[in-house]
Amino acid sequence: MSGGKFDHPARKLHARDICKLQNIGDQWHFREDGISFNVRLIWVQGKVVSYSLNKSEVILDDGGFKINISNCQNIPGGNSWIMEGQYVMVVGEIEEVASSRVVRAIKMADLSTNVVHQTMWNHEVTEVKMLLKENQSMCR
(Lines give C-alpha, C1' and ligand atoms only; values in the text may rest on other atoms or scores of the structure.)
Protein backbone atom coordinates (compact mmCIF):
# COMPACT_ATOMS: atom_id res chain seq x y z
CA MET A 1 0.00 0.00 0.00
CA SER A 2 1.50 3.28 -1.08
CA GLY A 3 0.64 6.89 -0.43
CA GLY A 4 -0.58 6.40 3.14
CA LYS A 5 0.43 8.27 6.26
CA PHE A 6 2.72 5.41 7.32
CA ASP A 7 4.83 5.77 4.18
CA HIS A 8 6.68 8.62 5.90
CA PRO A 9 8.65 8.73 9.14
CA ALA A 10 7.22 10.05 12.38
CA ARG A 11 9.18 13.27 12.93
CA LYS A 12 10.73 13.61 16.37
CA LEU A 13 9.94 17.09 17.66
CA HIS A 14 9.71 18.88 20.97
CA ALA A 15 6.25 19.87 22.11
CA ARG A 16 7.19 23.55 21.63
CA ASP A 17 8.01 22.81 17.96
CA ILE A 18 4.41 21.85 17.34
CA CYS A 19 3.46 25.52 17.75
CA LYS A 20 5.83 26.36 14.90
CA LEU A 21 4.13 24.04 12.43
CA GLN A 22 2.30 25.72 9.57
CA ASN A 23 -0.66 24.20 7.81
CA ILE A 24 -0.01 24.77 4.10
CA GLY A 25 -2.54 23.23 1.73
CA ASP A 26 -3.75 20.60 4.20
CA GLN A 27 -0.14 19.63 4.97
CA TRP A 28 1.70 20.45 8.21
CA HIS A 29 5.12 21.95 7.60
CA PHE A 30 8.08 22.59 9.93
CA ARG A 31 10.63 25.29 9.18
CA GLU A 32 13.45 26.34 11.51
CA ASP A 33 17.08 27.40 11.24
CA GLY A 34 17.75 26.19 7.71
CA ILE A 35 15.64 23.04 7.79
CA SER A 36 12.25 22.54 6.28
CA PHE A 37 10.09 19.43 6.00
CA ASN A 38 6.52 18.18 5.89
CA VAL A 39 5.10 16.48 8.95
CA ARG A 40 2.56 13.72 8.44
CA LEU A 41 3.25 11.92 11.70
CA ILE A 42 4.86 13.32 14.81
CA TRP A 43 6.73 11.63 17.66
CA VAL A 44 6.73 13.37 21.04
CA GLN A 45 7.73 12.24 24.51
CA GLY A 46 6.95 13.61 27.94
CA LYS A 47 5.47 13.06 31.38
CA VAL A 48 1.75 12.62 31.83
CA VAL A 49 0.64 15.56 33.98
CA SER A 50 -3.09 14.92 33.74
CA TYR A 51 -5.74 13.01 31.84
CA SER A 52 -9.49 13.01 31.32
CA LEU A 53 -11.76 10.74 33.34
CA ASN A 54 -11.90 8.09 30.59
CA LYS A 55 -8.24 8.66 29.64
CA SER A 56 -9.18 9.63 26.09
CA GLU A 57 -7.18 12.85 26.47
CA VAL A 58 -3.81 13.36 28.12
CA ILE A 59 -1.63 16.39 28.78
CA LEU A 60 2.09 15.76 28.36
CA ASP A 61 4.95 17.94 29.61
CA ASP A 62 8.20 17.40 27.73
CA GLY A 63 10.23 19.42 30.19
CA GLY A 64 9.12 22.93 29.53
CA PHE A 65 6.08 22.83 27.31
CA LYS A 66 2.74 21.06 27.57
CA ILE A 67 0.87 19.46 24.69
CA ASN A 68 -2.61 17.96 24.50
CA ILE A 69 -2.91 14.40 23.27
CA SER A 70 -6.29 13.15 22.02
CA ASN A 71 -7.68 9.81 20.80
CA CYS A 72 -5.94 7.85 23.59
CA GLN A 73 -8.96 5.56 23.89
CA ASN A 74 -8.16 4.12 20.44
CA ILE A 75 -4.49 3.27 20.86
CA PRO A 76 -3.47 -0.37 20.41
CA GLY A 77 -3.58 -2.24 23.70
CA GLY A 78 -5.97 0.22 25.32
CA ASN A 79 -5.34 3.13 27.66
CA SER A 80 -6.02 1.67 31.10
CA TRP A 81 -2.28 1.72 31.89
CA ILE A 82 -1.97 5.54 31.62
CA MET A 83 -1.15 7.23 34.95
CA GLU A 84 0.10 10.64 36.06
CA GLY A 85 3.87 10.86 36.27
CA GLN A 86 4.59 8.26 33.60
CA TYR A 87 7.11 9.10 30.90
CA VAL A 88 5.51 8.15 27.57
CA MET A 89 6.07 8.34 23.85
CA VAL A 90 3.29 9.28 21.47
CA VAL A 91 3.17 8.88 17.71
CA GLY A 92 0.28 10.68 16.11
CA GLU A 93 -1.11 13.23 13.71
CA ILE A 94 -1.39 16.96 14.25
CA GLU A 95 -4.86 18.47 14.52
CA GLU A 96 -5.91 22.05 15.06
CA VAL A 97 -8.66 22.34 17.66
CA ALA A 98 -9.93 25.80 18.63
CA SER A 99 -6.71 27.49 17.42
CA SER A 100 -4.61 25.04 19.43
CA ARG A 101 -2.43 22.16 18.21
CA VAL A 102 -3.29 18.68 19.46
CA VAL A 103 -1.58 15.38 18.76
CA ARG A 104 -4.14 12.73 17.78
CA ALA A 105 -2.52 9.57 19.18
CA ILE A 106 -2.06 6.54 16.96
CA LYS A 107 0.41 4.80 19.26
CA MET A 108 1.52 5.33 22.87
CA ALA A 109 4.03 3.47 25.02
CA ASP A 110 5.15 3.74 28.63
CA LEU A 111 8.90 4.45 28.72
CA SER A 112 9.06 4.98 32.49
CA THR A 113 10.99 1.81 33.26
CA ASN A 114 14.24 3.14 31.76
CA VAL A 115 15.39 6.67 32.65
CA VAL A 116 17.58 6.73 29.53
CA HIS A 117 14.53 7.45 27.38
CA GLN A 118 13.83 10.70 29.21
CA THR A 119 17.49 11.65 29.60
CA MET A 120 18.24 11.23 25.89
CA TRP A 121 15.08 12.72 24.38
CA ASN A 122 16.33 16.30 24.06
CA HIS A 123 19.58 15.05 22.51
CA GLU A 124 17.71 12.81 20.05
CA VAL A 125 15.55 15.67 18.78
CA THR A 126 18.54 18.01 18.53
CA GLU A 127 20.55 15.39 16.66
CA VAL A 128 17.75 14.70 14.18
CA LYS A 129 17.44 18.43 13.45
CA MET A 130 21.21 18.70 12.90
CA LEU A 131 21.20 15.69 10.55
CA LEU A 132 18.30 17.12 8.55
CA LYS A 133 20.03 20.48 8.29
CA GLU A 134 23.22 18.81 6.98
CA ASN A 135 21.35 16.39 4.68
CA GLN A 136 18.43 18.21 3.10
CA SER A 137 17.64 15.15 0.98
CA MET A 138 16.41 13.46 4.18
CA CYS A 139 13.71 16.13 4.50
CA ARG A 140 11.68 14.76 1.60
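## N71 and its loop

N71 sits in the loop that links β7 (66–70) to β8 (87–97). In this predicted model, the phi angle of N71 is positive, about 65 degrees, even though N71 is not a glycine. That is worth a second look, because most residues other than glycine have a negative phi.

Is N71 buried or exposed? Its relative accessibility is 12%, so N71 counts as buried; the cut-off for that label is under 20%.

## K55, another positive phi

K55 also deserves a visit while you have the structure open. K55 is found in the loop between β5 (41–51) and β6 (58–61). Its phi lies near 60 degrees, again a positive value in a residue that is not glycine.

How does K55 fare for accessibility? With 16% relative accessibility, K55 counts as buried, since the label applies under 20%.

## A three-stranded sheet

Let us turn to the strands. Three of them make an open sheet, ordered β2-β3-β4, with antiparallel pairing. The edges are taken by β2 (22–23) and β4 (35–39); each has a single partner strand, so one side of each has no neighbour in the sheet.

Where do β3 and β4 meet? Strand β3, covering residues 28–32, runs antiparallel to β4 and is joined to it by five bridges. One pairing to look for is F30, whose bridge partner in β4 is F37.

## The whole fold

Stepping back, the protein contains two helices and nine strands. Read from the N terminus, the order of elements is β-α-β-β-β-β-β-β-β-β-α.

What about contacts across the sequence? Take the contacts between residues at least 6 apart in sequence: 59% of them join residues at least 24 apart.

## Size, surface and charge

The C-alpha trace spans about 40 × 30 × 30 Å along the principal axes. For 140 residues, a compact globule would be expected to have a radius of gyration near 14 Å; the protein has 15 Å, which agrees.

Of the 140 residues, 38% count as buried. On the outside, the protein exposes about 7900 Å², and 51% of that area is supplied by carbon and sulfur atoms.

Finally, a word on charge. The protein carries 16 positive and 16 negative charges, and the mean positions of these two sets are 2 Å apart.

Definitions and conventions. Residues numbered from 1 in each chain as written. Predicted model: local features only at pLDDT ≥ 70, side-chain atom pairs only at ≥ 80, totals over all residues. Heavy atoms only, no water. Helix = DSSP H or I, 4+ residues; strand = E, 2+ residues; numbered from the N terminus. Rg over C-alpha atoms; globule rule 2.2 N^0.38 Å. Buried < 20%, exposed > 50% of the residue type's maximum accessible area, 1.4 Å probe, protein only. Contact = heavy atoms within 4.5 Å. Areas by Shrake-Rupley, 256 points an atom, 1.4 Å probe, with all protein chains shown as cover. Lys, Arg positive; Asp, Glu negative; His and termini not counted. Charge placed at Lys NZ, Arg CZ, Asp CG, Glu CD. Pairing = 2+ DSSP bridges.
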